[in-house]
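Work through the exercises below with the structure open. Each task is followed by a solution in steps.

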Amino acid sequence: MKVLVSDPISPKGVEILKKAGLEVDVKTGMKPDELKACIGEYHGLVVRSETKVTSEIINVATNLKVIGRAGSGLDNVDKAAATKKGIVVMNTPGGNTITTAEHTIAMMFSMARQVPQATASMKAGKWEKKRFMGVELFNKTLGIVGIGNIGKEVAKRALAFGMHVVGYDPYLSDENAREMGIEKVEIQDIFKRSDFITLHTPMTAETRNLINKETIKTMKDGVRIINCSRGGIVNEQDLYDALNSGKVAGAALDVFEKEPLPAGTPLLTLDNVVCTPHLGASTEDAQENVALAVAEQIADYLVHGVIRNAVNFPSVPAEQAQKLQPYLTLAEKLGSFASQVFEGAVTEITIEYRGDASELNTAPVTIALLKGYMTPILEETVNFVNASIIAKERGIEVKETRSADAGDYQSMVILKARIDGKERQLAGTLFSKKDPRVVRIDNFPVEFIPEGNLLFIFNNDRPGVIGNIGSYLGKCNINIARMHFGRESAGGMAISVVSIDVPVTHEQLEEIKKMPNILSVKVVSL
């Protein structure tokens, strides 16, 4: 079998593939047309972030069985197209954890003591000792948004410096927080109490522009902000204004809304900004670790059929994969939707399998649901291998039940989540034995396709609600693909699920929330 390495990786990784008996070609820097012309002859593909594995590439990859990413992020791989074609997509979660945590600490120290600015001053022939007055980390409060793998490692190091660490993470249990020496708080408390704030959360509709002019107003005067997670979580214009006014004393940024940064980016003109060009994972150690890991994973799969760290397939026998795949898709969609609309800390998840679904090997389906539930809010990659482990670490008890009775449907999968002492429910089924549908949210009967960009709206059941939403989206040039509604009783509470062609902006979302009889709006991406 043949493997193509299309991005630079450690030679040790290439050697592992060759020792496994695989034929390896290293062709880096190829243009899309060049990759498209040759990909058909390969069974495995190793990439980092440079190669864009689009649906167009995947459609002509007639022999491709596995795509391996030397790293955790998979924004450059069309996972949906790969899954549809039966191609396993693997990554190397955890390979960059320590290096990103260390870079966060380095950025925090550099900002606190103005190390880059002082270095530049001295290299310019100056001795400006009084100009570069710093602040200590000792006894300061560090607020961590997102206590995943990286957030935990940052907390360990900050505690060693004598900092008081407060953390926000909906999945973190009080007990786990105490064990780590972290005071678990709500995100508003992070903003109000922290001297330093560091972000370790994925980019979602909820976290986009999380740091903006309104949240900055609630922060301490002189707060310092570090972002080594994702660009776009910080509104760069609002941060620029706050740095100029002195409300924010300093910022340390490794990621940006647009990368590479456009010429003339205002933030680069400020003396109180420390910045690096997305170096969080850029150490020799980390790059070698992920190269070795992805090579071993691809060799294991192509030679022995063993799947490890796949993001789109569980480890199931080949003869079961075809029957299970529609249920895996349904379960993952249910989990992801629930995670994005049910607020609060979940302590228990029960999955009920009814009708035909009760006769399945449900273990991988449950894992798919957990993967879907935890992915939207964790900064680390959740996959079919680590989903159960992460759920356990987060203090989430997972249960399964089975019943032959699926009511009006041939099969059903029901997610029940206990959140802050209350039970929330989401039910789904398959149409034509393969197409996923959500058919109930709590006590609201509703039927919609769980895909794409959705608005999930709680509203009073009053005339004009639907018209107002449609008119406003039309004014914003946002096309509505589908609209679905459910209500408990006439004139009572109702829900609306609106499928739109493009996501709404933060400003547009706020305008929808202000409409008459709208109680809440959530943006969901599936």
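Two strands count as paired if DSSP finds at least two bridges between them. The model is predicted.

**Exercise 1. Find the bridge partner of lysine 416 and describe the pairing of β15 with β16.**

Step 1. Start at lysine 416. Its bridge partner in β16 is glutamine 425.
Step 2. Widen the view to both strands. β15 and β16 run antiparallel and are joined by 7 bridges.
Step 3. Look at the link. The two strands make a hairpin with 2 residues between them. In that turn, aspartate 420 has a positive phi of about 50 degrees.

**Exercise 2. Continue from β16 to β17 and describe the pairing and the turn.**

Step 1. Count the bridges. Strand β16 (residues 422-431) and strand β17 (residues 435-441) are joined by 6. They run antiparallel.
Step 2. Pick one facing pair. Leucine 426 stands opposite isoleucine 441 in β17.
Step 3. Check the hairpin turn. Here 3 residues lie between the strands, and serine 432 takes a positive phi near 55 degrees.

**Exercise 3. Place these strands in their sheet, and explain why one side of β14 and of β18 is left without a neighbour.**

Step 1. Write the order. The open sheet has 6 strands, β14-β13-β15-β16-β17-β18, with mixed pairing.
Step 2. Go to the edges. β14 (397-403) and β18 (444-448) each have a single partner strand, so one side of each lacks a neighbour in the sheet.
Step 3. Add the twist. Neighbouring strands are turned by 20 degrees against each other on average, direction ignored.
Step 4. Add the helix. α14 (residues 363-374) packs on this sheet and touches β13 (346-355), β14 and β15 (411-419). The direction of α14 makes about 135 degrees with that of β13.

**Exercise 4. Describe the sheet that holds β19 to β22 and the helix that packs on it.**

Step 1. Set the order. This open sheet has 4 strands, β20-β21-β19-β22, and its pairing is antiparallel.
Step 2. Find the edges. β20 (480-487) and β22 (518-525) each have a single partner strand, so one side of each is left without a neighbour in the sheet.
Step 3. Give the twist. It averages 15 degrees from one strand to the next.
Step 4. Inspect one pair. Strand β19 (residues 453-460) and strand β21 (residues 493-500) share 8 antiparallel bridges. The bridge partner of leucine 454 in β21 is serine 499.
Step 5. Place the helix. α17 (residues 506-513) packs on the sheet, touching β19 and β22. Its direction makes about 150 degrees with that of β22.

**Exercise 5. Determine the handedness of the crossover from β1 to β2.**

Step 1. Establish the pairing. Strand β1 (residues 2-5) and strand β2 (residues 23-26) run parallel, joined by 4 bridges. Valine 5 has valine 26 in β2 as its bridge partner.
Step 2. Trace the chain. From β1 it passes through helix α1 (residues 11-19) to β2, and this β-α-β crossover is right-handed.

**Exercise 6. Characterise helix α7: its span, its buried residues and what covers them.**

Step 1. Check the span. α7 (residues 149-160) has 12 residues and reaches 17 Å from first C-alpha to last, close to the 16 Å expected.
Step 2. Apply the cut-off: buried means under 20% relative accessible area. Among the buried residues of α7 are Ile150, Val154 and Ala158.
Step 3. Find the cover. It includes α5 (97-113), β6 (141-145) and α15 (387-393).
Step 4. Move past the helix. Glycine 162 follows α7, with a positive phi near 85 degrees.

Key: Residues are numbered from 1 along each chain as its sequence is written. This is a predicted model: local features need pLDDT of at least 70, side-chain atom pairs count only at pLDDT 80 or more; totals for chains, interfaces and linings use all residues. Side-chain values use heavy atoms; hydrogens and water are left out. A crossover is right-handed if, with the strands pointing away from the viewer, the path from the first strand over the helix to the second runs clockwise. Axes are lines fitted to C-alpha atoms, for helices over the stretch in contact, and angles run from 0 to 180 degrees between N-to-C directions. Contact means heavy atoms within 4.5 Å. The expected span of a helix is 1.5 Å times one less than its number of residues. Buried means under 20% relative accessible area, exposed over 50%, partly exposed in between (1.4 Å probe, protein chains only).
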